[in-house]
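Visitor: Please walk me through the contacts between the chains and domains of this model. Short answers will do.

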Amino acid sequence: MRAVVASLVSSFGLLWSNWRARLGLVMVGGFIVIAILAPWLAPYSPTSQAFGRMLPPSAAHLLGTTQLGQDVFSQLIWGARTSLLVGAAAGGLVTLIAIVIGLLSGFLQGWVDDVLMLLTNVALVIPGFPLMIVLSAYIPVHGVGVIIIVLSVTGWAWGARVLRSQMISLRSRDYVASAEFSGESVLRIVFREILPNMTSLIAASFMGAAMGAILGEAGLEFLGFGNPQVVSWGTMLYWAENSSALIAGQWAWIFAPGLALALLGVGIAFINFGIDIISNPKLEA
Amino acid sequence: MQRPVVSIEDVVVTYRSKRRHTALTSVQGMSLEIGAGEFVGLVGESGSGKSTLANAILRLLTGGGEVERGRISFNGQDLLALSEDALRAVRWQDIAVVLQSSMNALNPVATVRSQFRDVIRAHRRSSWSEQQVDAEISRLLSLVKIDPKYASAYPHELSGGMKQRVAIALALVLDPRLVIMDEPTTGLDVIIEHEILTDLRELQRERGFAVLLISHDLGTILEVADRVLVAYAGRIVEDRPAEALLNHPLHPYTRALLDCYADPGADQVRITYIPGQPPNMAALPPGCPFWPRCAEAEERCKQGRVPPPTVLESGGMAACHHAAAEVAAVDSARISGAVYVKSSTNPNVNREPVITVSDVSKTYHRERRPVVALRGVSLSLPRGTVTALVGGSGSGKSTLARLITGMERPDRGTIRFDGQDIPRLGRRGLHAYRQHVQMVFQDPFAALNPMNTVGYTLIRPFVNYGRMSSAEAFDRVRQLLEQVGLTPAEAFFGKHTGELSGGQAQRVVVAKALAADPDVLVADEPISMLDVSIRAGILRLLDDLRTQRGFTLLYITHDLLSARLLADQVIVLDRGEIVEQGLASDVIRSPQHEYTRLLLRSIPNPRRRMLPPKAQVSH
Amino acid sequence: MRYLIKRLAFLLFTLWLAVTLNFLIPRLMPGNPAQIMVQKLVGEGPVNPQLVRAVGIMLGLPRGTLWHQYGLYVYNLLHGNFGVSYTYFPYPVMTVIAQALPWTLILLGTTTIITFILGTALGALAASRRGTWFDTTATITANFTATFPFFWTALMALYVLGFVLHWFPQSGGYDAAMMPQWSATFVLSAVYHSVLPALVIVVTGTGGWLFGMRNNMIHVLGEDYVRLAMAKGLPRREIALAYGARNAILPNLTGFAMSLGTLVGGSILVETVFSYPGMGYLLFNAVGNSDYPLMQTIFLFITIGTLIANFVADILYGVLDPRTRRGGVSA
Amino acid sequence: MFTAKLRKGVLALGVGGFVLAAGASSFAKTAKTPPLVIGVEAAGPTFTANFNPFANQRDGRLYIYEPMALVNPYSGQVTPWLATAWHFQNARQLRMTVRQGVKWSDGTPFTAKDVAFTFNLLKRFPALDGADLWGVLSSVSAQGNTVIFDFKKPAVQTLTEILQVPIVPAHIWSHVKNPVTWPDAHPVGTGPYVLQSFTPYQYVLAKNTHYWQANKVQVPKLVFPAGAANQAAQLKLVSGQWQWATLFLPNVQSTWVKGNPYHKYWFPGGAPVALVLNLKKPPFNNPRFRQAVSYAINRRAIVNKAEFGYVPPASQALLTLPAQKSWLNPKLANRGYIPYEPAKAKQLLKSAGFRWNAHGALLTPSGHPVSFTIQIPSGWTDWIQTSDMIAQDLKPLGMSVTVETPQYGAWAANQTNGSFTGVLNGAGGQPDPYWSFYYLFHSNTFGFQSPKAAALLANWNSTTSHAQQLKDAYQLENLMMQETPVIPLFYGANWAEYNTRYYVGWPNAKNPYATAAPYLQDVLMVITHLRARG
């Protein structure tokens, strides 16, 4: 564990030294802070409908109000929670599935590998977003939890493939054989010897999955296949679209959540850019 | 001296990393000249700056390297100042290169022919007809002994040796004045390496181009080169005609390097090895960079500037305070390091075997083609002796090591240890078996997890096999570290394995294998990845440890010299079959099988020059 | 040849799996599509059981054992019979899809090719001019555009370029007053209508290709054979193309799978925003109308399309990479 | 996007769909009587050539096929159309006189035989008989220009349903093998328009030269463009590419009316939207509990917030008011409107034996905490909003109410299966109050069983005396008040926006001769009222 922590710390240092990654960390960190501090940062409750409908931006309502009389700015702040939650949870789940399948497939080889790899390749070419839509059409009740599960079910393949090839490359390293000569157990070899060497790859795959999940969630919510009662950037756009926000001139309502999504995405992409450079020094600009 | 083709004056090359904000000056002022038709060898350890220099000549530096200072002129033009277009005309037309890695030097998506064609086209030989071009390609391929039909092949369809020959042919396509060869035979089988170099030398003599051959192996260089340059820590420390260098090495480093070679067939084999570590370019000591390892170092060597090159009357130069004096005292046979002597002995190889291999065969299936690795091999390892398993690449020697250590199972045959048949052991049985049979890997850095510390790496066998707590194991690890010469042990305990030098890392690997207190140690080419200067040290360590601890050693190598130094008995493997076996001194001194003789001939041996020097350097 | 057979086997297997998945999803999920359909047809009020049965038979709603249903399902698929659309009753699903498919094929086909060419070219250029202002500008811009949500970009484009500036039409595939035909004015109108959706897909889709290509190319440019090509004195352009891009494009082709999936997903959102008469918008509507036969067939078509596109990319890879062509190892 | 307008379609017509269309901007805008571009309800981005009038989709075919009479969907007011008169010989026989001088659009004369043929077609193909007419009919036959309907049992109220059946030409449909699956791509009807051109993306109806009241039809062409989603549809309407549509527009004043004097809208209230509790499960089977809930709901606030104040709160009497005010029991307190009185709700609960625990949670008389879930189809945003507000209103009473948004299919299935505690759904809203009550009290869906209601309905259905019918209606209204089987909240709106630039004479609140949406059956009333602007 200490080695993992140490490698994380040193990786972070490396990340921080790249300006893009640094910017990304600051951006994503900013969103995390906003999400955590939402109750204190948001001027109003995001669901309170106590205000006038479709008010233009003003000092009292920085981004105006929705057609239900909710404060757009407060919703934007609270919406960060949903997006980050979905990103973290779906990203985490996707990464977990990818790790389990990738590592199993890479370490065990033989028919287990063949079967898992076939599964992965199939999952990779089956278009995820349409599948999400179809699945959501059948699942009777909608919510963030369902979206997270659907995103996880459809999103793991790429990570699994990348981790598998890394696993294969690492498992044939002499130090793995050497650890066997030290009398280490298989689990210890996989988790203590191999896994720490995949940290940056796992981090990159987590980031990629999180970004995919955030955009996927927003897309599903936007189409109305989520739970429109949850305050998220996706549902904000859904409501804005449904309430003719643009025609009514409430441009801030539709512009802000999209921009927030884009900025969060850019932040994550920047971090991944840095991770890429760590794991592949040739990319350094 | 003839008018030089290339003259390099005081070149300094620095690598800068934006990410780590570091700068590493890997070439610290090298000067040299290469005459027309001259075959020059440049030898040095890894990090000595030799490849950097080669790349600097054609401005092919990568990874943030830049020429900070100096002048590289070709036919009077300063290559460093040329425009991109003007330089392009010089490239290949005048100076061609053969790169280190034969595996990657050819464009994988283009045929051999098209890699010849594009260079012909680029240098405005467009007046040639298709047939002319093809005929020329065929001629060149024949020249390097490749069937011209391979012109339409893709690189992946060629073997490593063929690729390297193609690369050489490619270098000659425009009849360049100079061909730079950067470790052109690294990674190839010794025998093939020898063949290629022999052919190259012949070709060079016929066609008269100059060669700058770069290698870490002084033996190789001395066999083929007219003149030898020795690089150390980013500088040329000696530049002499080959003959003179061989007979009267002036720089202590050169001498030490030469002392690492010996004739394995001699009655008494004696080599020395250089103490200490190859220089850390980021933290060079003041004074002569070699002094920490130099037996002749005096106070003046340890201070001030690097010793200036002393130009010798007899031709060449050496950068050592002693150089001038050395010329006078020609027969000075001062020993520059620890000696490792092996005399002809008659060891008892008739003891009871600890491991018996009977009629073992193994076939791999690569891309659906069966590759026979071992065919009916039987041997036994007598307790407490050293057996050297010798063979070229593809001989099956590493496969045998993997079978004996239980990493793989044979298709047929038995491997017995202590009454057990190893291939039949399950996971548990193998775990127990490995307490008795341990392995030393070829590449120490690959064998050590860079995420772990030395301490952790060494504690684990004690915890797993000795049922000790980490605290109990600590003391044993300390002893072990001292035993393998890593002192003070405390300084190494917390180091990550990536922070070690190659020699240190291999010592850790040896220590780790010994931690289990094995009966048998299998060492698979344990020195081939190490710098020449530290190889003997590791061999000596293995020998000493075996004497102290009495384990049985299976030493796998392609190098008969080291086999002679270490082994009691030698088994020669060729294409999966044992062709010869017997006492080390017998087999090596009077080989019976043709393959063994071929192996012996292929060992780089500075004392046996391939060709008499053509034209001696004259002023 | 072996490579081709392997890819073909994979394609067939995946097709079979997609078909079976498509069969299973509705049957594994809670809720009964048949009941929903009858409910929808009958609407409010008491449901006459005789009517339910009549409607059920009329629609060919599933009966019998699962195996029987599966057999019938596969049989019907092989005969191009995908069932009857609930919303477009009595028309079979295929009629509806036949109307939407060309639009998506053209929109997605052209944008995929454009994004691929543009992204790959820009990526190669950025890599070969690494560290220059072009590289920095391109990568940072791509960082932004690649993470823009498709639908948001579409909404913005619709509003600004369509509604406010009136440069482009706001929805549809062509001027509704025209009859679809192969006339210049019609094609022109169709092209005019597809500019905005295509623009959105290209703008948001190019970034991925760009990064993929740039990274591959940088990797390739560090290879020995590129250094050798430089040593050979080949012109810069030739090195970048014949040595760099030619090799870097191979892994980019394998990245096709992921990129295509994203693009298809994005096109659904874009088509919906622009009410473009393609498969994506049709799918959106089918889901909204609980038109399960239509929805599933669209999904099947999208999947098959993706699979075939992947297959083509694989074959292209095989053609471009001699290592696979000659039966060697694939990367 | 599913919004309010979509759901209204589902409820009123039993089919989900989308408001759509696309522009037809290139039509000459200078003509005095340009084509009318209609953004109709449709199910997707394209059309299929389906003009079978029995298919349950309402669009262009409403302008092609005509029924015997037009029934105003809300007031129930009947306008004779293909029939000129009808009367009940007795409660088991209806005689109807068909209009003379009507011709099919192919020139063939329309006769009583066509009518009899149409009804007998429904008998042969039950899938066409969505209203289950043949559940009560025993025979339909033509005699001269009279059509005679015989019933198995007294079924006076079936008249409304009979009047609305689209009549098809016998000389064409008698050759159709399976009229259920026949798309009828080249429709021949008696209506004011015929199909002129069709593509999957747009079709055009042109004036029928044979039309029997051709002089009343001034719009020469109707254009139906296909497929636009929400925002795009709104943009089309607002930018003037559509002249007639049925779209939910928030802030209709600022987005549609403002700045253009020709832009008009009328959102008359229609079917009541009600909170339906599962009457088979305690405590929801307790009428006092339901009344308490009804009193605790602030309908005015819901209407203002969730419905933008476009529609009024609904009366507990189940009638669509004011359209059906002639059926309202004059003795009903406050016309059946339940005021917002939380105190009364509390008192009702107390009197029914409910208690509150220390945390203020409501407990049933048997000591169980009261909680329920309201299900709304995913995406029906104003209903979701309504449910949220109901949950807020009920919180002070100690009820914990959660809101779930399953897919439409699951929502519908859950009601059929009885697996729900609460839902929002339409209730009543039939043009003839009889059917509103019939569906509510007769269907098993909501689990309300009342012998008394059954008797009243049977009586109503067997009398031809309007006075008697009124009496039955009054009593059923009283039953609604006492039992509160469902809790009506507000009247679902019927969105309609129209452009008066070229045509005037649209229905509106002052002149409610028809509903104003382009997809209800009384569009024939509208189209025969429209006049070119002078």
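Visitor: How is chain D divided into domains?
Guide: This is a predicted model. Domain 1 of chain D is built from the segments 19–54, 191–268 and 494–532. Domain 2 covers 69–173. The remaining one, domain 3, covers 270–493.

Visitor: How far apart are the C-alpha centres of domain 1 and domain 3 of chain D?
Guide: The two domains do touch, with 9 residues from domain 1 of chain D and 7 residues from domain 3 of chain D in the contact. Their C-alpha centres lie apart by 35 Å.

Visitor: What area is buried between domain 1 and domain 3 of chain D?
Guide: Carbon and sulfur atoms give 66% of the buried area. The rule finds 0 salt bridges between these domains, and 1 residue pair is in polar contact. On the domain 1 side, the residues are 7 nonpolar, 2 polar and no charged. The area buried between the two domains is about 610 Å².

Visitor: How many residues does each chain give to the contact of chain C and chain A?
Guide: Chain C and chain A bury about 4600 Å² between them. Of that area, 81% is on carbon and sulfur atoms. The contact takes 49 residues from chain A, and from chain C it takes 51.

Visitor: Which residues of chain C lose the most area to chain A?
Guide: Three residues head the list for chain C. Together they make up 13% of what that side buries. They are C:Thr147, C:Phe151 and C:Trp152.

Visitor: Which element supplies the largest share of the side of chain C that touches chain A?
Guide: Across this interface the rule finds 2 residue pairs in polar contact. Several helices of chain C each supply at least two residues, among them α1 (2–28), α8 (184–221) and α13 (292–320). The largest share is 9 residues, and it comes from α13(C).

Visitor: How many salt bridges does the rule find between chain C and chain A?
Guide: By class, the side of chain C that touches chain A has 33 nonpolar, 16 polar and 2 charged residues. A salt bridge here needs Lys or Arg on one side and Asp or Glu on the other. The number found across the interface of chain C and chain A is 0.

Visitor: What area do chain C and chain B bury between them?
Guide: This contact takes 25 residues from chain C and 30 residues from chain B. Carbon and sulfur atoms carry 58% of the buried area. Between them, chain C and chain B bury about 2600 Å².

Visitor: Which residue of chain B forms a salt bridge with C:Glu238?
Guide: The rule finds 2 salt bridges across the interface of chain C and chain B. In the one with C:Glu238, the closest N and O atoms are 3.5 Å apart. The cut-off is 4 Å, so this pair counts. The partner is B:Arg121.

Visitor: Which element gives the largest share of the side of chain C that touches chain B?
Guide: Between chain C and chain B, 11 residue pairs are in polar contact. Two or more residues each come from α9 (224–231), α10 (236–254) and α14 (322–325) of chain C. The largest share, 7 residues, comes from α10(C).

Visitor: How many charged residues are on the side of chain C that touches chain B?
Guide: That side includes 12 nonpolar and 2 polar residues. The charged ones number 11.

Visitor: Is the pair of D:Phe51 and D:Phe198 stacked or edge-to-face?
Guide: Over all chains, the structure holds 60 aromatic pairs. In this one, D:Phe51 lies in the loop between β3 and β4 of chain D, and D:Phe198 in strand β10, 147 residues apart. The rings are 6.1 Å centre to centre, with 85° between the planes. An angle over 60 degrees counts as edge-to-face, so the pair is edge-to-face.

Note on methods. Residues are numbered from 1 along each chain as its sequence is written. Chains are lettered from A and ligands numbered from 1 in the order in which they are written. This is a predicted model: local features need pLDDT of at least 70, side-chain atom pairs count only at pLDDT 80 or more; totals for chains, interfaces and linings use all residues. Side-chain values use heavy atoms; hydrogens and water are left out. Contact means heavy atoms within 4.5 Å. Buried area is the accessible area (1.4 Å probe) that two parts lose on being put together, summed over both. A salt bridge is a side-chain nitrogen of Lys or Arg within 4 Å of a carboxyl oxygen of Asp or Glu. A polar contact is a pair of N or O atoms within 3.5 Å; within protein, one must be able to donate a hydrogen and the other to accept it, and residues adjacent in sequence count only if both atoms are side-chain atoms. Helices (H or I, at least four residues) and strands (E, at least two) are DSSP runs, numbered from the N terminus. Ala, Val, Leu, Ile, Met, Phe, Trp, Tyr, Cys and Pro count as nonpolar, Asp, Glu, Lys and Arg as charged, and the others, Gly among them, as polar. Domain bounds come from an automatic or database domain assignment. Rings of Phe, Tyr and Trp (its six-membered ring) pair if their centres lie within 6.5 Å; planes under 30 degrees apart count as stacked, over 60 as edge-to-face and the rest as tilted.
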